[in-house]
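Trainee: Please take me through the enclosed cavities of this model, with a close look at the largest one and what lines it.

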Amino acid sequence: MKKIKNNVWRHVLQLGVIAVIAGFILKVFLGGAPADVEAYCPFGGLQSLATFISSDTLACSMSVVQITMGIVLALAVMLFSKLFCGYVCPLGTLTEWMNELRKKMKIGFMVKTGSVGDKLLRAIKYILLFVIFYMTIRSSELFCKNFDPYYAFATGFKGELTAWMAIISILVLFAGNLFIGMFWCKYVCPLGALSNIFKFTLTFIVLVVLGIIAGYAGLPMNWIWILGAAAVICYLYEIIYYKSNTFPLLRITRKEEKCNNCGLCSKRCPMNIDVAQLKTVKHVDCMLCGECVGACHSQAIQINRNPRFRWLPVVLTVVLFFFAVWMGSHWELPTISEKWGDEAKWSKLEMFERDGMKTVKCYGSSKAFAAKMKRVPGVYGVTTYVNRFAVQVYYNPEETTQEKVEKAMFTPTKMKLKVPSPEVEKLQVITIGVEKLFDKMDVTFLSNIFRQKEGYYGIISQYACPVQIKLFIDANKPIDKKELREIVETREFEILLHGGVKKKVTCDYEFVSMDAKIDTISRADFLNLMFPQTKMTFKGNVAKYGSDVAIAVYELPYVGLDKPLIQRRLPYFGSFISNYDGILGYETALNGDTPVIRITYVKEVLNDEKIWEMLQAPKWTIHYTDGRVEEKEAQLPFKTPGKTIE
């Protein structure tokens, strides 16, 4: 308790961070959705900034706040010290606690600074740093999420992690810290390695300037190799000198005339720095935590020889955090920013922005959107901002119009909400106009709202201004414009996610109009309209057997065939069955109310028994469009045999 009292505000910050993370974990275990545990992650922000500098892309799920956190962290290390490590980092706090536990249990040891073991172990964090940034820049996905112990714990192991990597990382965290003092912080933490590079500020600046000069000179320069050079050079500095000379500007200092040589400052240092033997602490491991200052009874240990600076690190940590948040809210970086086509036309381009594009939510979906826009005549570029679901589209007004481009962006969507009972012979079809419903995901959300109401069976969206929504309603249900407005303008509802987790969704759709004309459709026509029909012909097999062979159709019932998850697996199914002799193609259809897969085959080659045996294969051979061939687990289970119908 005395130790905490002597440095109370540092421990308040550390415990506060741990309490917030514990709340995240508790929320997950109580059935809530995983929290956005990366919201203020400076390391993720620096990785994302690296991808932006290298390829003008922003790593998925990263916000500008996270990037500003990373930038502020770098500046803080250069000017002040490793404040994040000493005051905020949850893994650093855990490492310190385990170091105290290790001492009380009298197990393990502290690796002697400067020993061969110490020098070799310090390389680990630099190697990890380079691998993480290299993989992140290649994929525009945060590679550290695969194994980050903090991310694994805070998401309740429900995040985008790789289980075996995360388990190994957690074992290293606990076992390493239990037997080797401050093992994680000194030897493993990649952010610790990056912070040390920032501590060797002049070297870091020189390498960055050389990279910029090389770029202007037209030399091929990849920024990941600048980081690699910095990692190698700073590792050598670390194991040779163990100190940074010029930066940071704040240092722990010892006034010899006041020192009583009690040695408490050295004893309390979590990084095992022998403060009692130094006039100025320049050690690369120092994180300005202030434990030595709090331990000193004679006020010999100070910051920059000024006793009033004792609380400066805590104040700076809090101020820098809120400054980063403020800066992040006033600055914006795109996830991707691409232009293509004839550069001579770029000066003529006009731009319009469309927000509410909820399907453009990460790097992958941004690239998919860009690929779609490249096929639109007159469009020469896109920029996406996934954190606010906005896109900017650059087009040549001499070749197209904004309306044509927006129509090309729009994805017509149809969704079956429920299956009408056999007693419902007819449905009425009404058309309403809805604003702020441009994106396919919005139609999905609106469908979920209508699904919870009685008498609504389907939705189809069509491009118009405002977007036109066709609603398929029980013929016996009165059309109530007020009710429709209330449903459309629902501001919050819950959807059920995978695993039974409920998520609240907020929306701001506006009911604009309702067409006076009411159409009708039969139940059978409605089911056929809503069923997602797929048809694939295997041209190679058709050419092999010609048109004179006797063919037949094997019909296989498959409940749930119209569900999106099954639909996404049908291309794998088509690739799988195309490998078999005698299979000419397949299609999906409805037989009454029952979804079926109809496989066309050559009679003299196959029969019902052989086809059913084929469908029971545990492994599927998949051929991809890029030429790859892969063996995958069977993507669809077949439990009910089919039969030949013609």
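Mentor: By class, the residues lining the largest cavity are 10 nonpolar, 3 polar and 6 charged. This is a predicted model, and the values that follow are computed from it. The lining comprises 19 residues, and the volume of the largest cavity is about 150 Å³. Nearest the centre of this cavity lie Lys82, Cys85, Cys185, Cys189 and Gly192. Four elements each give two or more residues to the lining: α5 (83-88), α7 (116-139), α10 (183-188) and α11 (190-199). Of these, α11 gives the most, with 4 residues.

The largest cavity is one of 6 cavities of 30 Å³ or more. The second largest has a volume of about 110 Å³, and 15 residues line it. Its lining divides into 12 nonpolar residues, 1 polar and 2 charged. Cys269, Ile273, Cys286, Cys289 and Cys292 are the lining residues nearest the centre of the second largest cavity.

Cysteines are named at both cavity centres, among them Cys185 at the largest and Cys289 at the second largest. The structure nevertheless holds 0 disulfides. Cys259, for example, is in no disulfide, and the nearest cysteine sulfur to its own, that of Cys265, is 6.2 Å away. For Cys289, the closest cysteine sulfur is in Cys269, at 6.1 Å; a disulfide needs the two sulfur atoms within 2.5 Å, so this pair is too far apart for a bond. Cys289 is also buried, because its relative accessible area is 8% and the limit for buried is under 20%.

Away from the cavities, the aromatic side chains deserve a short look. The whole structure has 26 aromatic pairs. In one of them, Phe321 and Phe322 have ring centres 5.2 Å apart and planes at 85 degrees, so the pair is edge-to-face. Phe321 is partly exposed, at 32% relative accessibility, while Phe322 is exposed, at 54%. Elsewhere, ring pairs join Tyr558, Phe573, Phe576, Tyr580, Tyr586, Trp620 and Phe638 into a cluster.

Two arginines are placed over aromatic rings. The charged end of Arg354 sits over the ring of Phe438, 3.9 Å from the ring centre. Arg628 lies over the face of Tyr624, with 4.2 Å to the ring centre.

How values were computed
Residues numbered from 1 in each chain as written. Predicted model: local features only at pLDDT ≥ 70, side-chain atom pairs only at ≥ 80, totals over all residues. Heavy atoms only, no water. Buried < 20%, exposed > 50% of the residue type's maximum accessible area, 1.4 Å probe, protein only. 1 Å grid on protein atoms, 1.4 Å probe; cavity = no way out; pocket = protein on both sides within 12 Å on 5 of 7 lines; lining within 4 Å. Points joined across faces, edges and corners; volume = space filled by probe spheres on them. Nonpolar A, V, L, I, M, F, W, Y, C, P; charged D, E, K, R; others polar. Phe/Tyr/Trp six-rings, centres within 6.5 Å; stacked < 30°, edge-to-face > 60°. Lys NZ or Arg CZ within 6 Å of the ring centre and 35° of its normal.
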